[in-house]
Amino acid sequence: MAPTPHSVIALYPGSFDPITNGHLDLIERGAKLCDRLIVAILRNEEKEPLFTVEERIEMLREVVRPYPTVEVDSFNGLLVQFAGQKGATVILRGIRAISDYEYELQMALMNRRLCPAIETVFLMAKEEYSFISSRLVKQVIGLGGNIAGLVPPSVEVRLRNRVLNGR
Ligand code: PNS
């Protein structure tokens, strides 16, 4: 029997405050597994972000420009509801270390409970990026450390301006 053509839409949700090279690697690899990958920034965050959602959208759009099947969007409320609106059947998440596992498992099981038709797919972070987090990158640049190679160059410029020059 001939396979039925259907396109797989995946969502890659997160805070991306800001995007790191670890996120970008996941986007690059995740995009190969689906027909469309939507990077989805959570809007209703409790934590004080360094960059506004609009700034994060701009930064993400800049760095995903080389990937024609990747787009950037933002959402409020439940992720599975947003997935439904977008026709996405896959949620993509990255795992860096065993410490990520518990949090990710909880979210994946909750999302499955809310919407069994959506599968969460995990990709293991590349070794060279497995220690990078947006939180640590912000801390290191704030304390005068070198973050070259941890975030895309355009993001490094924005971080420098925001954290060191208050712009
Ligand atoms: O990069 P982060 O901050 O770890 O991403 C967390 C995110 C955005 C994936 C998660 O907070 C989320 O999906 N929030 C939406 C609210 C929701 O759907 N909650 C119920 C399932 S956990």
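**Exercise 1.** Decide whether Leu114 is buried, partly exposed or exposed, and place this residue relative to Tyr101.

*Solution.* Start with the accessibility. Leu114 has a relative accessible area of 42%. Buried means under 20% and exposed means over 50%, so Leu114 counts as partly exposed. Keep in mind that the model is a predicted one. Next, find the element: Leu114 belongs to helix H4. Finally, take the C-alpha to C-alpha separation. Leu114 and Tyr101 are 20 Å apart in space and 13 residues apart in sequence.

**Exercise 2.** Stay with H4 and work out which residues make up a nonpolar patch on the surface.

*Solution.* The patch consists of Ile98, Tyr101, Leu105 and Leu109. Together these four residues have about 410 Å² of accessible area. Now pick one member and check it. Leu105 sits in helix H4, which spans residues 98-114. With a relative accessible area of 33%, Leu105 is partly exposed. Patch members need over 30%, so Leu105 passes that cut-off with its 33%.

**Exercise 3.** Is strand S1 largely enclosed or open to the outside, and how do its side chains point?

*Solution.* First look at burial. S1 covers residues 9-14, and six of its six residues are buried, so the rest of the structure largely encloses this strand. Then sort the residues by direction. In a regular strand, side chains alternate between the two faces of the sheet. Here Ile9, Leu11 and Pro13 point one way, while Ala10, Tyr12 and Gly14 point the other way. Both groups are buried.

**Exercise 4.** Which strands pair with S1, and what is the handedness of the crossover from S1 to S2?

*Solution.* Take the partners one at a time.

- S2 (residues 36-42) pairs with S1 in the parallel sense, over six bridges. Within this pair, Val39 of S2 stands opposite Tyr12.
- The route from S1 to S2 passes through helix H1 (residues 21-31), giving a β-α-β crossover that is right-handed.
- S4 (residues 90-95) also pairs with S1 in the parallel sense, over two bridges. In that pairing, Leu11 has Ile91 of S4 as its bridge partner.

**Exercise 5.** Find which residues touch the most other members in the largest nonpolar core, then trace which elements supply this core.

*Solution.* The core holds 32 residues. Those with contacts to the most other members are Tyr12, Ile27, Leu37, Val39, Leu60 and Leu159. Two or more residues come from each of S1, H1, S2, H2 (53-64), S3 (70-75), S4, H5 (134-142) and H6 (153-165). The largest share comes from H2, with six residues. Tyr12 and Val39 may look familiar: they are the opposite pair from the previous exercise.

**Exercise 6.** Inspect the backbone of the loop between S1 and H1, looking at Phe16 and Pro18.

*Solution.* Begin with Phe16, which lies in this loop. Its phi is near 50°, a positive value in a residue other than glycine. Phe16 is buried, since its relative accessible area is 3%. Move along to Pro18, also placed in the loop between S1 and H1. The peptide bond joining Asp17 and Pro18 is cis, with omega about 0°.

**Exercise 7.** How many salt bridges are there, and which parts of the chain do the bridges of Asp17, Glu62 and Asp73 join?

*Solution.* The count is 13 salt bridges. Three of them can be worked through in turn.

1. Asp17 and Arg56 meet through their side chains at 3.9 Å, N to O. Asp17 is in the loop between S1 and H1 and Arg56 is in H2, so this bridge ties together parts 39 residues apart in sequence. Asp17 and Arg56 are both buried, and they belong to a salt-bridge network with Lys138.
2. Arg158 and Glu62 meet at 3.3 Å, N to O. Arg158 lies in H6 and Glu62 in H2, 96 residues apart, so this pair links distant parts of the chain. Glu62 is partly exposed at 29%.
3. Asp73 bridges to Lys86, with the closest N and O atoms 2.8 Å apart. Asp73 is in S3 and Lys86 in H3 (residues 79-86), so the tie spans 13 residues in sequence. Asp73 is partly exposed at 22%, and Lys86 is partly exposed at 25%.

Technical notes: Residues numbered from 1 in each chain as written. Predicted model: local features only at pLDDT ≥ 70, side-chain atom pairs only at ≥ 80, totals over all residues. Heavy atoms only, no water. Patch = residues over 30% accessible without salt bridge, like charges linked within 9 Å, V, L, I, M, F, W, Y side chains within 5 Å. Areas by Shrake-Rupley, 256 points an atom, 1.4 Å probe, with all protein chains shown as cover. Helix = DSSP H or I, 4+ residues; strand = E, 2+ residues; numbered from the N terminus. Buried < 20%, exposed > 50% of the residue type's maximum accessible area, 1.4 Å probe, protein only. Pairing = 2+ DSSP bridges. Right-handed = clockwise from strand over helix to strand, strands pointing away. Core = buried A, V, L, I, M, F, W, Y, C linked by side-chain atoms within 4.5 Å.
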